[in-house]
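I opened a fresh page today to keep track of what I look up in this model. Here is the structure, followed by my entries in the order I made them.

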Amino acid sequence: MSVDVGRALDQIAQIHEQIAKGEVYRGYRSLPVAASGVIGLVAAWLQPRALGAADPIGFVIYWSVIAVCAGFVGTSEILHNYVVRDEAAGRRRTRKVVGQFLPSVAGGAAIAICFTHSSAALVPLLPGLWAICFGIGTFASRPYLPRASGYVALFYYAAGFALLWNARGPDVLNGWWIGGTFGAGQLLAAAVLWWNLERE
């Protein structure tokens, strides 16, 4: 009897998982995502001239702090709903969707730590690798997002490839390389969310 109950519960869990995959996650909202993009653009404009080729480690620290701030702003509504409003099922779904994206963020952070530890000469590769990692995370989350989010992932892939292709010379650590890329990408993501989920 207990074996049958356990099997039935497993089947119900599998059914819930399949249903969840067919539903678009509505935790991401266009306004916080757009605000995170604006943070990237403003940070590119404000990046001190001393950073870059003269101080590549400072460049990594600066943009790591900006990434944390922008990430907090971009996910602020998800965090608020998770703590204040969501019930157990909603929290479980949020953990699943965000869990699809987090490994790519962790990978980008690990690459940054290892590159800066190994050699400052590797730092010019980071903007491109970060963009590709972000594209991977976006693509991994795509089963739970609007289908058009695939274009956002493709944008990050293409931008990452272009940044890596041109990662040489004295100007590669210009703030616009990273702030412009992520600013444009997040504004594109916000437009996709608004058009597909919030327009009505």
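**Entry 1: helix H3.** A reminder to myself first: this is a predicted model. I started with what covers the buried residues of H3, and the cover includes helix H2 (30-46), helix H4 (76-85), H5, helix H6 (126-141) and helix H8 (175-198). The buried residues in H3 are Pro-56, Gly-58, Phe-59, Val-60, Tyr-62, Trp-63, Ile-66, Ala-70 and Gly-74. I also checked the length of the helix. H3 runs over residues 56-74, which is 19 residues, and its first and last C-alpha are 26 Å apart, close to the 27 Å expected at 1.5 Å a residue.

**Entry 2: Trp-63 and the core.** I picked Trp-63 from that list and asked for its contacts, leaving aside neighbours within four places in sequence. Back came Gly-40, Ala-43, Ala-44, Gln-47, Trp-130, Gly-175, Ile-178 and Gly-179. Next I looked at the largest nonpolar core, which has 33 residues. Trp-63 turned up again here: with Tyr-28, Leu-126 and Trp-130, it touches the most other members. Which helices supply at least two residues each to this core? I found H2, H3, H5, H6, H7 and H8. H8 gives the largest share, with seven residues.

**Entry 3: aromatic pairs.** How many aromatic pairs does a search of the whole structure find? It finds nine. I followed two of them through Phe-134. The ring centres of Phe-101 and Phe-134 are 5.0 Å apart and the planes meet at 80°, so I logged the pair as edge-to-face. Phe-101 belongs to helix H5 and Phe-134 to helix H6, so this pair ties together parts 33 residues apart in sequence. Phe-101 is buried at 14% relative accessible area, while Phe-134 is partly exposed at 22%.

The second pair is Phe-134 with Tyr-156, and its ring centres are 4.9 Å apart with the planes at 55°, so I noted it as tilted. Tyr-156 is in helix H7 (residues 149-165) and Phe-134 in H6, so here the parts tied together are 22 residues apart in sequence. Tyr-156 is buried, with a relative accessible area of 0%. I then looked for a wider grouping and found one aromatic cluster formed by Phe-101, Phe-134, Phe-155, Tyr-156 and Phe-182.

**Entry 4: a charge over a ring.** I looked up Arg-91 too. Its charged end sits over the ring of Tyr-82, 5.7 Å from the ring centre.

**Entry 5: salt bridges.** The count comes to two. In one, the side chains of Arg-29 and Glu-77 meet at 4.0 Å, N to O. Arg-29 is in the loop between helix H1 (2-22) and H2, and Glu-77 is in helix H4, so the bridge ties together parts 48 residues apart in sequence. Arg-29 is partly exposed at 24%, and Glu-77 is partly exposed at 29%.

In the other, Glu-198 meets Arg-29 at 3.8 Å, N to O. Glu-198 lies in helix H8 and Arg-29 in the loop between H1 and H2, so this bridge joins parts 169 residues apart in sequence. Glu-198 counts as partly exposed at 21% relative accessibility. Through their shared partner, the salt bridges join Arg-29, Glu-77 and Glu-198 into one network.

**Entry 6: Val-98.** My last lookup was Val-98, in helix H5 (residues 88-118). Is Val-98 buried or partly exposed? At 23% relative accessibility, it counts as partly exposed. I also took its C-alpha distance to Tyr-28: the two are 70 residues apart in sequence and 10.0 Å apart in space.

Key: Residues are numbered from 1 along each chain as its sequence is written. Side-chain values use heavy atoms; hydrogens and water are left out. Helices (H or I, at least four residues) and strands (E, at least two) are DSSP runs, numbered from the N terminus. Buried means under 20% relative accessible area, exposed over 50%, partly exposed in between (1.4 Å probe, protein chains only). The expected span of a helix is 1.5 Å times one less than its number of residues. Contact means heavy atoms within 4.5 Å. Rings of Phe, Tyr and Trp (its six-membered ring) pair if their centres lie within 6.5 Å; planes under 30 degrees apart count as stacked, over 60 as edge-to-face and the rest as tilted. A charge sits over a ring if NZ of Lys or CZ of Arg is within 6 Å of the ring centre and within 35 degrees of the ring normal. A nonpolar core is a set of buried Ala, Val, Leu, Ile, Met, Phe, Trp, Tyr and Cys residues joined through side-chain atoms within 4.5 Å.
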